[in-house]
Amino acid sequence: MPNKSLARPKMRTFADVLFVVLVVSLSFAPFIQVRGWDGYDSGTFVYQDETCYIRYSDETIGVDKPHIFSREGWPIKSLVDIVELSDRQSFVNGLNLYEDFESRGRLTDDGLTIFYSGSPQFTKSITVTDEGVVVRYESDQPMELRLTLWRWYFSSVEGNDYRGAPLPLKVEPKETLNFQFMDEGRTHGGVIRLSDQPLSVEVCRDLNGLNKIIIDYVGSHLSIKIALDDASRSPLKIADRDLLYPLLSMVFGLAYLWVRKYEVLVKIRLNRTRH
Amino acid sequence: MRSWLKYVLIGLGIRLILAPFFMHAWDIGTVWEASRQFLNGEDVYRYVAERTYLLRQSTSLPLYYHGFAYLPQTLFIFAPFYRLYTLIFPVENSLDLRALEPALPYPQIYVFLLLIKMPIILGDVAVIYLLSKREPEIGLFYALNPYVLFITAVWGNFDPLVGLFLLASYLCFNERRVLSGFLYGLSLIKIYPIVLFPLFMARSLSNRRELTKFMLGLSMASLPVIYYLIVAPYGFLEAMLFQGARQVYGMNMYHAVLSAQGILFQTAITRIATIIFASVLLFLTYMVLRERLPMLNSMVMLMLAYMIFAPVTNEQHLAALMPLALLSQRFDRKLCIFPLLFAAFNATYIYFATPIFWIDVTLRNLYVALHGAWVEAIGAYSSYVRYFISLSFAFLAFRNVHNHFQLQMPALDKRFQAIRTALPTAASGSPSYKTG
């Protein structure tokens, strides 16, 4: 029985084009921006919406818990690193959150909740509201909490760059802390709102600038709300995914179609010359 | 010496030399874990199902524990060799290959790796024999093929066994239908050759007796499955569901999706991928049956379609196709370069050499340094490189699917047909449009 279908040039071309369209379409998948929380089997969780991107437990290092970014730029958004809460630099009753506790993350209706096993038992939950990202620490008993917020680098904290100031760089403990930082030549302002007045607040610096804000607190419940002063909420922006995937797929697709076309021509010519 | 024997010995020798020193710790660990549990009388599948449940319970994500999710025939193949290992080292035989930092006892690990890979190596030897008997050049190609060597002797994955069973099933399909069915049943130790089931069925349908024979053979090979379905259906089905429902992954055109937001999103894409895969498979099966393509071409095409369109296709899957595909003159041998490359940017080659590097602290530090340097050098680009390789494979494989359709001369216009009939000399001397 003669081969009527795919052997036919038109059918073959149609199949080729369909395949290329499929491959190219799939390469745009990373551009689809789904609002909300998601996770990976490595234990990493991510949140994203139009203006905010949060990563909990980076796949390779696993210490940024969470790392908060803002989405800026148009039409391609890039991530602006705001601040990172590090478990490696945070302590409960003198015990390091990264080294001395086992933790596991679980997605709930409100957001992400991290359960720390050990004593005292406590949880950390991360939720996103219209006003910013809220990180809440809760324990079944009062605890001495030391939290560290990282950034390379803060331009200033509470309007002070602490240049030449004597160590330690103490900040007046209060419920609201303002900070500024530079990103791609642009100055951004952020605010940290605490649910309670902390015991003390200290700023640390290395040779290049201010890189840490350390908050000491005693109690069984503390929430920290972190937000940018000037976060824009334009829904028109597209995600900041790399364009390399669609570019690669399109180049491959076109090359494939070109080769296939050429291939068919060669075959026909060969047959005709021979016979 | 006969050429087939020479090739068998060459193939066997190389594999035996490499096997003790390399492994994919997680995959070898899966076989080790399952064999140990099986010999201890534990329910292998229940363990996997429970681990999956715990993982899901603790994260609220549709995660799967990557454990033993193969048909139970696999256990009968590997467990005897693990038992042999425990007999040789009755006391100090403890292995923990699935730990973050695997503890490798020396020199036991070398014996263990050699023994646990022995069924795969013997399978390869059988393939070399079967191929060499038909076409010595192909037998030699298979014996020395770096990709096959990598999967069998270095990685330690048992897809080449699937390849052997498929090849053997194909070879005796026409003459010994019961055996063919039995061998096909064995090939389902990894579930993906199920894509060939409609083809086998359709090709047997014309003769009810032959169909019964094939089904009888298949049922005999599936007795362990039937046993688990009766005795422990929940754990078995839960564990097997993993293969059908896991999120897009591997060396395929869906690779870009892996850089998307997370597992929930990937699960949604997987549903679409599954629909695409099923549609293509149905269409292609219909086409190969309608066109009455040769059995070999049809099998290669369907397996290639699996490699292109299935949501999860890993580097080792092509090894299941290689023995059959090499028999086909139309198979593009360049295809096996890509999974070999992909592994370098996925697991990384150095990962396979842990049994060598884990000997002492100095070598271990060297491993860390080398691995770190590799990740530093290509880490930022590795996903793009993997995508590049995946696309290269997908397009080349798709082209190869086309090539497996026999190109025939298009039907001539009626006017010319009339002329052709009127000129018997021209018609009889007309060239065939058979392509290589």
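This passage walks through some features of a predicted model, beginning with the overall form of chain B and ending with a few unusual backbone sites.

Chain B is a good place to start. Its secondary structure comes to 23 helices and 2 strands. The C-alpha trace of this chain spans about 85 × 50 × 50 Å along its principal axes. For 436 residues, a compact globule would have a radius of gyration near 22 Å, and the 23 Å found for chain B agrees with that. Buried residues account for 46% of the 436 residues in the chain. Of the contacts in chain B between residues at least 6 apart in sequence, 77% join residues at least 24 apart.

Helix 18 of chain B, covering residues 337-345, shows how one helix fits into its surroundings. Its buried residues are B:F338, B:P339, B:F342, B:A343 and B:F345. These residues lie on the same side of helix 18 of chain B, because they cover an arc of only 165° around the axis. A general feature of helices is helpful here: an α-helix has 3.6 residues a turn, so residues three or four places apart point the same way. The partners of the buried residues of helix 18 are four other helices of chain B, namely helix 8 (146-155), helix 17 (318-327), helix 20 (361-378) and helix 21 (382-403).

A single lysine, B:K190, is also worth a visit. This residue sits in the loop between helix 10 (177-187) and helix 11 (197-205) of chain B. B:K190 counts as buried because 21 other C-beta atoms lie within 10 Å, where 20 or more are needed. Neighbours within four places in sequence aside, B:K190 is in contact with B:Y70, B:D159, B:V162 and B:A320. Of these, B:D159 is 31 residues away from B:K190 in sequence, yet their C-alpha atoms are 7.4 Å apart in space.

The backbone itself holds a few surprises. Most residues other than glycine have a negative phi, and most peptide bonds are trans. In chain A, however, a cis peptide bond with omega about 0° joins A:W152 and A:Y153, and A:Y153 belongs to strand 11 (residues 132-154). In chain B, another cis bond joins B:Y106 and B:P107, with B:P107 in the loop between helix 4 (73-88) and helix 5 (108-116).

Positive phi values also appear. A:E158, not a glycine, has a phi of about 55°; this residue lies in the loop between strand 12 (156-157) and strand 13 (169-171) of chain A. For B:S60, phi is near 65°, and the residue is in the loop between helix 3 (44-59) and helix 4 of chain B. A:E158 is partly exposed, with 16 other C-beta atoms within 10 Å, and B:S60 is partly exposed with 17 such neighbours.

Definitions and conventions: Residues are numbered from 1 along each chain as its sequence is written. Chains are lettered from A and ligands numbered from 1 in the order in which they are written. This is a predicted model: local features need pLDDT of at least 70, side-chain atom pairs count only at pLDDT 80 or more; totals for chains, interfaces and linings use all residues. A residue is buried if 20 or more other C-beta atoms lie within 10 Å of its own, exposed if 12 or fewer, and partly exposed in between; C-beta atoms are placed from the backbone. The arc is that of the directions from the helix axis to the C-beta atoms. Two residues are in contact if their C-beta atoms, placed from the backbone, lie within 7 Å. The radius of gyration is taken over C-alpha atoms; the globule rule is 2.2 Å times the number of residues to the power 0.38.
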